[in-house]
Amino acid sequence: MAKATRETVASKARKSAPKARTGAGKPAAASRRAPTSAVPFTRTVRDLRQIVAAWRKAGQSVGLVPTMGALHDGHLELVRIAKRRCDRAVVSIFVNPAQFAPNEDFDTYPRTWDNDLAQLATVGCDLVWSPERLEMYPEGFDTRIEPKGAALGLETEFRPHFFSGVATVCCKLFTQVLPDIAIFGEKDYQQLCVIRQMVRDLDLPLQIVGAETIREADGLAMSSRNRYLTPDERAKAVTIHRVISSVATAAAKGQDTSAVVAAGRKRLTQAGFAKIDYLEVRDAQTLAPLEASSPREKRVLAAAWLGQTRLIDNVAV
Ligand code: AMP
């Protein structure tokens with residue numbers, strides 16, 4: 001579709017769609033978060049469906065970027081991809097209680113609504129989908145997706161509840177928004193594999209797009225949780241990327257990686273990482289363990305604790 005045509009259709013679609021709230025509109029009495037930017041947002045499935053249906057009627061394609069907010073440039077890059085590939089980009093912001101265990105950081109997870117909306121305005125996000133908890137999980141909600149396969153091992157050994165919570169909320173987000181594509185970061189590589197598997201297994205009618213990890217200048221993967229790091233921890237945090245990169249270099253040569261993994265674990269400990277949950281070379285598609293000599297594509301994945309903060313990272317071999 002030519003750009004001029006698309007813009008014409010877009011403005012028509014805007015006119016016919018129900019009004020999402022924006023900075024110009026009146027904040028709902030129930031909303032605790034004052035709208036501050038020109039990016040429209042909605043908190044009800046009903047309004048979301050009407051807005052997306054109007055776009056569909058106008059022949060527009062839709063890309064979804066699921067997030068928990070506290071946005072940084074890694075998230076914004078996913079939105080840029082959505083905008084390049086689709087007419088409309090929807091960003092969901094929902095801190096999903098179902099993927100946090102009681103001892104985890106659900107209550108303290110950073111919530112930076114105003115800043116999120118301001119950032120999304122700079123990348124042309126068309127709609128923020130930000131349901132309240134009871135809109136996503138109404139009274140009596142009692143269905144869970146239990147992924148196996150790529151979900152087994154790695155994160156699941158340390159956060160057994162996690163992928164069930166992620167898969168359940170993503171399945172709901174997909175059926176709420178009904179996007180053509182959804183974009184996920186390779187930063188959470190196991191999550192990307194689990195979502196791909198779920199979409200395949202359940203015949204969900206959308207395409208999953210993986211996006212490469214956006215890093216700080218020193219190599220640390222951008223993450224909403226990096227803001228938990230003290231300046232001293234922040235300086236040490238880059239070691240995790242250095243270690244997985246050196247394991248990947250050894251694996252690419254077909255070497256037995258057990259020695260370099262052991263050296264990497266030591267290096268992380270010496271750098272101040274208190275606990276290493278895992279540092280492993282896995283099959284890049286299935287995430288199953290594999291032999292060093294295997295010709296299959298490989299991925300190096302790690303999770304480790306720096307003070308109170310758990311960092312995860314991965315690289316391709
Ligand atoms: P989160 O809000 O942390 O759950 O992340 C939302 C989406 O952003 C997920 O698909 C993440 O993989 C992705 N993401 C987070 N950090 C980065 C990053 N540094 N680079 C690329 N994608 C990222």
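Which polar backbone atom is 2.9 Å from a nitrogen atom of the ligand? In this predicted model, that atom belongs to Ile214. Let's start at the ligand and then work outwards through the two sheets.

**Around the ligand**

The ligand has 17 residues around it, and the closest are Met68, Gly185, Asp188, Ile214 and Met222. Three of these residues put a polar backbone atom next to a ligand nitrogen or oxygen, as the table sets out.

| Ligand atom | Residue (polar backbone atom) | Distance |
|---|---|---|
| Oxygen | Gly185 | 2.9 Å |
| Nitrogen | Ile214 | 2.9 Å |
| Nitrogen | Met222 | 2.8 Å |

On its own the ligand would expose 490 Å², and the protein buries 92% of that.

What is the shell made of, by class? Seven of its residues are nonpolar, seven are polar and three are charged. As for where they come from, strand E2 (62-67), helix H3 (73-85) and strand E5 (181-185) each give at least two residues to the shell. H3 has the largest share, with three residues.

**The six-stranded sheet**

E2 and E5 turn up again here, in an open sheet of six strands with parallel pairing and the order E1-E4-E3-E2-E5-E6. Strand E1 (41-42) and strand E6 (207-211) are the edge strands; each has a single partner, so one side of each has no neighbour in the sheet. Between E2 and E5, the parallel pairing runs over two bridges, and Leu64 stands opposite Ala182 in E5.

Which helices lie across this sheet? One of them is H4 (residues 113-121), which lies across E1, strand E3 (88-93) and strand E4 (127-129) and runs at about 165 degrees to E3. Another is H7 (residues 162-177), which lies across E2, E3, E4, E5 and E6, at about 150 degrees to E2. So both shell-lining strands, E2 and E5, are among the strands that H7 crosses.

**The three-stranded sheet**

Further along the chain there is another open sheet, this one with three strands in the order E7-E8-E9 and antiparallel pairing. Its edges are strand E7 (275-283) and strand E9 (309-316), each with a single partner strand, so one side of each is left without a neighbour in the sheet. On average, neighbouring strands here are turned by 10 degrees against each other, direction ignored.

How many bridges join E8 to E9? There are eight between strand E8 (residues 298-306) and E9, and the two run antiparallel. Leu306 stands opposite Thr309 in E9. Helix H10 (residues 239-252) lies across E7, E8 and E9, running at about 30 degrees to E9.

Methods
Residues numbered from 1 in each chain as written. Predicted model: local features only at pLDDT ≥ 70, side-chain atom pairs only at ≥ 80, totals over all residues. Heavy atoms only, no water. Near = heavy atom within 4 Å. Polar contact = N/O pair within 3.5 Å; in protein donor to acceptor, adjacent residues only side chain to side chain. Areas by Shrake-Rupley, 256 points an atom, 1.4 Å probe, with all protein chains shown as cover. Helix = DSSP H or I, 4+ residues; strand = E, 2+ residues; numbered from the N terminus. Nonpolar A, V, L, I, M, F, W, Y, C, P; charged D, E, K, R; others polar. Pairing = 2+ DSSP bridges. Axes fitted to C-alpha atoms, helices over the stretch in contact; angles between N-to-C directions. Contact = heavy atoms within 4.5 Å.
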